[in-house]
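The exercises below are to be worked through with the sequence and the coordinates side by side. Each task is followed by a solution that goes step by step.

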Amino acid sequence: MKIIISGGGTGGHIFPAISIANALRIKVPEAEILFVGALGRMEMEKVPLAGYKIIGLPVTGFQRRFTWKNIVFFCNLFGSMLQARRIVREFEPHVAVGVGGYASGPLVRAASKMGVPVLIQEQNSYAGITNRLLAPRAAKICVAYEGMEKYFPAEKIILTGNPVRQSLNQLAGKKKEAFEFFDLREDKKVILVIGGSLGAGSINQCMSENLSGIRGSNLQFIWQTGKSGFSKAKEALGYTPVPNLRLAEFISRMDLAYAAADLVISRAGAGTISELCLTGKASILVPSPNVAENHQEKNALALVNKGAAVMVRDAEVAEKLLPTAFQLVDDTVRMKQLSESILKMAIRNSDQLIADEIIKLANRA
């Protein structure tokens with residue numbers, strides 16, 4: 001059995017894709033799995049670390065304003081289409097899987113035109129344009145939210161949820177290990193601040209500008225800055241220690257970070273929201289204003305409307321984020337309500353459900 005998995009660009013696309021591949025490997029150990037990503041993006045590093053081969057395409061994002069970069073975009077897209085056809089012809093996959101991101105478009109389109117069955121996974125509550133364009137070519141469409149019939153043909157939709165890192169399925173009993181790992185005190189509450197794998201400017205800036213308040217609080221913080229914000233965060237810390245703050249560019253043991261956390265401050269990417277649902281963490285969501293079609297705010301509102309999260313808009317972060325967090329983490333009743341509500345939205349074993357659908361398509365092929 002040969003499977004191509006394409007997409008990436010952010011951790012929200014990459015880690016679910018790796019989870020799907022791992023589930024396939026468990027179910028069909030002899031399966032040959034090839035990833036296709038975008039050159040220069042983080043999948044080119046993370047996928048090989050997970051033990052899978054990846055080929056990079058020169059595809060880039062389309063700019064939604066008039067700019068000379070879009071000339072480069074079309075040149076790269078044409079080259080990526082040619083390379084995608086060559087990859088499909090040489091690898092001869094039984095199924096092509098698109099998880100979203102730059103590379104999924106050329107690869108999935110090429111595979112479908114060459115007669116390969118296609119499965120796409122839509123992670124957000126508001127379908128991305130790439131997946132909407134690819135939907136007519138897909139045999140199956142795995143979604144994480146109800147009501148996606150407004151974007152896709154109902155007969156193709158399967159509600160599977162979003163795959164998350166397998167380590168997050170087993171948080172029970174990890175709290176002591178988590179406190180030791182991050183060198184935290186067990187008698188104080190912990191706020192986990194994550195802006196995503198690439199960072200979040202407004203959240204990082206808010207943290208940097210409020211270090212004195214953080215230092216003076218009776219709370220502990222784990223702060224993942226992302227790649228773009230780490231150097232500025234270190235500069236803001238300077239030589240003044242903040243004993244109750246743990247700073248990291250990227251947290252490799254997110255299972256332990258979630259195990260330690262009482263409250264999570266995060267962007268509203270689909271992958272992170274699925275992790276919050278699975279772990280049952282009370283959260284404050286700060287949707288990124290810089291994503292296509294404002295889909296992060298729609299993701300956040302899907303939780304807020306069910307009493308499962310609190311939202312602070314990006315433009316209000318400087319004024320509202322930390323005061324909201326300090327107030328919320330001390331409100332035991334509200335924290336419990338948020339945790340119970342978000343747990344009800346969890347769909348477990350999403351990676352296995354998607355792997356089963358891929359295997360069905362491959363067997364038919």
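The model is a predicted one.

**Exercise 1. Determine the strand order of the open sheet of 7 strands, and name its edge strands.**

Step 1. Following the pairing across the sheet gives the order β3-β2-β1-β4-β5-β6-β7, and the pairing is parallel.

Step 2. The edges are formed by β3 (53-57) and β7 (157-159), each of which pairs on one side only. From one strand to the next, the twist averages 20°.

Step 3. For a single pairing within this sheet, take β5 and β6 (residues 140-143), which run parallel and are joined by 4 bridges; here Leu119 stands opposite Lys140 in β6.

Step 4. Helix α15 packs on the sheet, where it touches β1, β4, β5, β6 and β7, and its direction makes about 165° with that of β5.

**Exercise 2. Describe how helix α4 is placed on the strands, and decide whether it is mostly covered or mostly exposed.**

Step 1. Helix α4 lies across β1 (2-6), β2 (32-38), β3, β4 (95-98) and β5, and it runs at about 155° to β4.

Step 2. Of the 10 residues in α4 (residues 104-113), 8 are buried, and the helix is accordingly described as mostly covered. Among the buried residues are Pro106, Leu107 and Val108, together with Ala110 and Ala111.

Step 3. Just after α4, the backbone takes a positive phi of about 85° at Gly115.

**Exercise 3. Characterise the crossing of α1 with α15 by its angle, its handedness and the residues that meet.**

Step 1. The axes of α1 (residues 11-27) and α15 (residues 350-364) come within 8 Å of one another and cross at roughly 65°. The crossing is right-handed.

Step 2. From α1, the residues Ser19, Ile20, Ala23, Leu24 and Lys27 take part, and they meet Asp351, Gln352, Ile354, Ala355, Asp356, Ile358 and Ile359 of α15.

Step 3. Sorted by class, the residues of this contact divide into 7 nonpolar, 2 polar and 3 charged.

**Exercise 4. Explain why Ser125 counts as buried, and list its surroundings.**

Step 1. Ser125 belongs to the loop between β5 (118-122) and α5 (129-134).

Step 2. The relative accessibility of Ser125 is 14%, and because the cut-off for a buried residue is under 20%, Ser125 counts as buried.

Step 3. Neighbours within four places in sequence being left aside, Ser125 is in contact with Tyr145, Met148, Tyr151, Lys298 and Asn299. With Lys298 there is a polar approach, in which a polar atom of the Ser125 side chain lies 3.3 Å from the backbone oxygen of Lys298.

**Exercise 5. Establish the order of the open sheet of 6 strands, and explain why β10 and β13 each have one side without a neighbour in the sheet.**

Step 1. The order is β10-β9-β8-β11-β12-β13, with parallel pairing.

Step 2. Since β10 (245-248) and β13 (310-311) stand at the edges and each has a single partner strand, one side of each is left without a neighbour in the sheet.

Step 3. The pairings can then be followed strand by strand. β9 pairs with β10 in the parallel sense over 4 bridges, and Ala248 of β10 is the bridge partner of Gln224. β8 and β9 are also parallel, with 5 bridges, and in this pairing Ile194 stands opposite Gln224. Further across, 4 bridges join β11 (residues 263-266) to β12 (residues 282-285), with Ile265 opposite Ile284.

Step 4. Two helices lie over these strands. Helix α13 (residues 317-329) lies across β8, β9, β11, β12 and β13 at about 160° to β11, whereas helix α14 (residues 332-343) lies across β11, β12 and β13 at about 90° to β12.

**Exercise 6. Work out which way the residues of β9 point, and place Val193 of β8 in its surroundings.**

Step 1. In a regular strand, side chains alternate between the two faces of the sheet. In β9, Gln220, Ile222 and Gln224 point one way, while Phe221 and Trp223 point the other way, and all are buried.

Step 2. Val193 lies in strand β8, and because its relative accessibility is 1%, it counts as buried.

Step 3. Leaving aside neighbours within four places in sequence, the contacts of Val193 are Ile203, Met207, Phe221, Ile222, Trp223, Gln224 and Ile265.

How values were computed: Residues numbered from 1 in each chain as written. Predicted model: local features only at pLDDT ≥ 70, side-chain atom pairs only at ≥ 80, totals over all residues. Heavy atoms only, no water. Pairing = 2+ DSSP bridges. Contact = heavy atoms within 4.5 Å. Axes fitted to C-alpha atoms, helices over the stretch in contact; angles between N-to-C directions. Left-handed = near helix turned anticlockwise from the far one by under 90°. Nonpolar A, V, L, I, M, F, W, Y, C, P; charged D, E, K, R; others polar. Buried < 20%, exposed > 50% of the residue type's maximum accessible area, 1.4 Å probe, protein only. Polar contact = N/O pair within 3.5 Å; in protein donor to acceptor, adjacent residues only side chain to side chain.
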